[in-house]
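Notebook open, coffee poured. I want to look at the pocket first, then the cavities, then how the two chains meet.

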Amino acid sequence: MTATRPSSSYLLATCALLALLAAAAVHATLAQRAAAPSQARTAALVKRLELTDFALLTDARYSRNPSQADRHAPFQDHPLALEHFPSGSLIAVPPQLRERSVNHGTP
Amino acid sequence: MALLERQRRLLDFTLSSLLRRKGKNGALVAVYALTIFLLASVLFFGESLRREASIILADAPSLVVQRMMAGRHELIPDSYADQVRSIRGVRSVKPRLWGYYYDPLSGANYTIVTSEERKNGTIAIGSGVASTRKLAVDDVLPLRASKGDTMLFTVAEVLSEESALASADLMIVTPADFREFFAMPAGFATDLIVDSGNPRECSTIAEKIAIRLPDTRPIVREEILRTYDAIFGLRSGMVLAVLACAVIAFLIFAWDKATGLSAEERAEIGILKAVGWDTSDVLLMKFWEGTVISVTAFLAGTALAYAHVFLAGASLFEPALKGWSVIYPAFRPTPVFDPAQIVTIFFLTVVPYIAVTVVPVWRAATIDPDAVMRT
């Protein structure tokens with residue numbers, strides 16, 4: 001009886017991992033299809049209530065509504081106040097606040 | 001076929017050589033896979049949120065106008081709405097009432113919005129509010145109003161959990177109740193919603209508003225959506241920290257490889273050359289060694305990251321996302337499998353590793369076998 005070659009076991013294991021990734025791709029496609037109606041209902045709620053942001057980070061008002069936050073929001077207490085909400089480290093400064101445009105030089 | 005068989009024999013030899021140092025190579029693959037797992041988890045989660053934002057917030061208000069005073073968001077008078085209405089291209093302007101309410105009982109922050117569809121004295125609440133305050137339909141919710149009195153609201157609706165990402169912390173009341181609750185003076189609103197009819201005109205209208213009313217800040221829908229491009233983006237603090245860890249871990253691998261081979265590895269190369277292996281054979285063997293380690297780590301790390309984010313609900317990120325907030329939506333990211341993203345992770349992690357494995361071996365393999373074995 002011949003022993004299994006190491007390469008056979010390795011190739012088999014690699015194929016199994018590749019199959020897992022392929023299964024992930026199929027799972028993602030099916031899950032997206034299944035989530036579509038629920039996403040449409042949520043989008044309708046957003047439209048009806050005129051919402052602008054996700055309720056994902058509710059600890060500070062500028063992380064609850066990052067799109068509505070102004071330049072000064074994380075430093076409301078005083079100009080040198082450090083960011084003290086962990087959620088602030090998850091969102092980079094919204095791009096529109098980094099760009100100089102006509103509507104951001106507000107007093 | 002002969003070429004394939006030759007490569008397979010080289011792979012057999014490489015695997016046997018790797019298995020001789022099982023512990024060291026096993027640990028290397030585990031740490032490498034963990035690094036890829038972290039990186040891929042962040043990328044998958046960020047991409048899923050960005051896609052979710054592009055779908056769910058696609059019908060967000062096309063233009064919001066805030067008033068600013070001394071660097072802070074200020075109530076906007078109705079007269080501003082009249083001025084915006086007079087701008088050409090504006091179809092309608094609607095004052096919007098919304099705000100935040102800190103609930104001392106639960107320590108949670110709620111977002112209060114208004115809807116004309118409700119009846120005075122009733123309230124609709126998000127699933128997060130319902131679970132925090134243990135409320136159901138027809139329960140009475142007492143809230144302390146701005147003037148210190150308690151207002152009683154009857155829960156008319158609990159918003160479904162499927163919309164929790166947009167509504168977990170919401171409380172929906174009528175505009176009249178909102179004004180009474182916050183003692184907001186008549187003739188003012190939180191901000192204005194402007195509808196232009198033609199989305200392409202929004203930016204022009206925003207510019208006109210900013211010129212006509214210099215203390216306002218118009219925010220167009222594209223800016224709202226772009227905000228979510230920045231969430232879990234490469235420049236945000238936590239992602240930067242994870243990326244820095246991944247880069248440092250990778251530099252340690254590279255440093256270990258590039259500063260030379262262990263005496264055992266050098267002796268192995270010397271022996272192989274002494275028994276008749278070509279430099280190209282040794283290089284191929286080392287190429288296979290790098291490929292076996294990095295491809296295994298890549299596949300395992302990526303598959304685990306997918307399972308973590310999309311099957312386990314990104315549970316490792318939850319403490320960071322939750323932060324100090326009491327309400328956290330029961331949110332399961334919608335799975336995303338973007339081949340371009342997988343290829344990016346592959347090129348960021350696998351290709352550099354193979355390169356740093358082969359280069360020092362090429363140096364050792366080109367010198368005399370006797371000299372290699374003696375060092």
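Who lines the largest pocket? I found at least two lining residues each from α2 (61–64) of chain A and from β2 (72–74), β5 (98–103) and α6 of chain B. Helices and strands here are DSSP runs numbered from the N terminus (H or I, at least four residues; E, at least two).

Ground rules: this is a predicted model, where local features need pLDDT of at least 70 and side-chain atom pairs count only at pLDDT 80 or more, while totals for chains, interfaces and linings use all residues. Residues are numbered from 1 along each chain as its sequence is written, chains are lettered from A and ligands numbered from 1 in the order in which they are written, and side-chain values use heavy atoms, with hydrogens and water left out.

Back to the pocket. I noted a volume of about 490 Å³. Of its 22 lining residues, Arg61(A), His73(B), Trp98(B), Tyr100(B) and Thr190(B) are the closest to the centre. The lining splits into 11 nonpolar, seven polar and four charged. (Nonpolar is Ala, Val, Leu, Ile, Met, Phe, Trp, Tyr, Cys and Pro; charged is Asp, Glu, Lys and Arg; the others, Gly among them, are polar.)

For the hunt I used a 1 Å grid over the protein atoms alone: a cavity is a set of points where a 1.4 Å probe fits but cannot get out, a pocket is an open set with protein on both sides within 12 Å along at least five of seven lines, and lining residues have an atom within 4 Å of a point. Points are joined across faces, edges and corners, and volume is the space filled by probe spheres set on them.

Next, cavities. I counted two of 30 Å³ or more. The largest holds about 120 Å³, and among its 14 lining residues Glu50(A), Leu51(A), Arg96(B), Trp98(B) and Val113(B) lie nearest its centre. The second largest has about 30 Å³; its lining includes Phe54(A), Leu56(A) and Tyr228(B), and is seven nonpolar, one polar and no charged.

Then the interface. Contact (heavy atoms within 4.5 Å) takes in 68 residues from chain A and 92 from chain B. Together the chains bury about 7,100 Å², 62% of it on carbon and sulfur atoms; that is the accessible area (1.4 Å probe) that two parts lose on being put together, summed over both. Phe54(A), Leu56(A) and Leu90(A) supply 12% of the area chain A buries against chain B, more than any other three residues.
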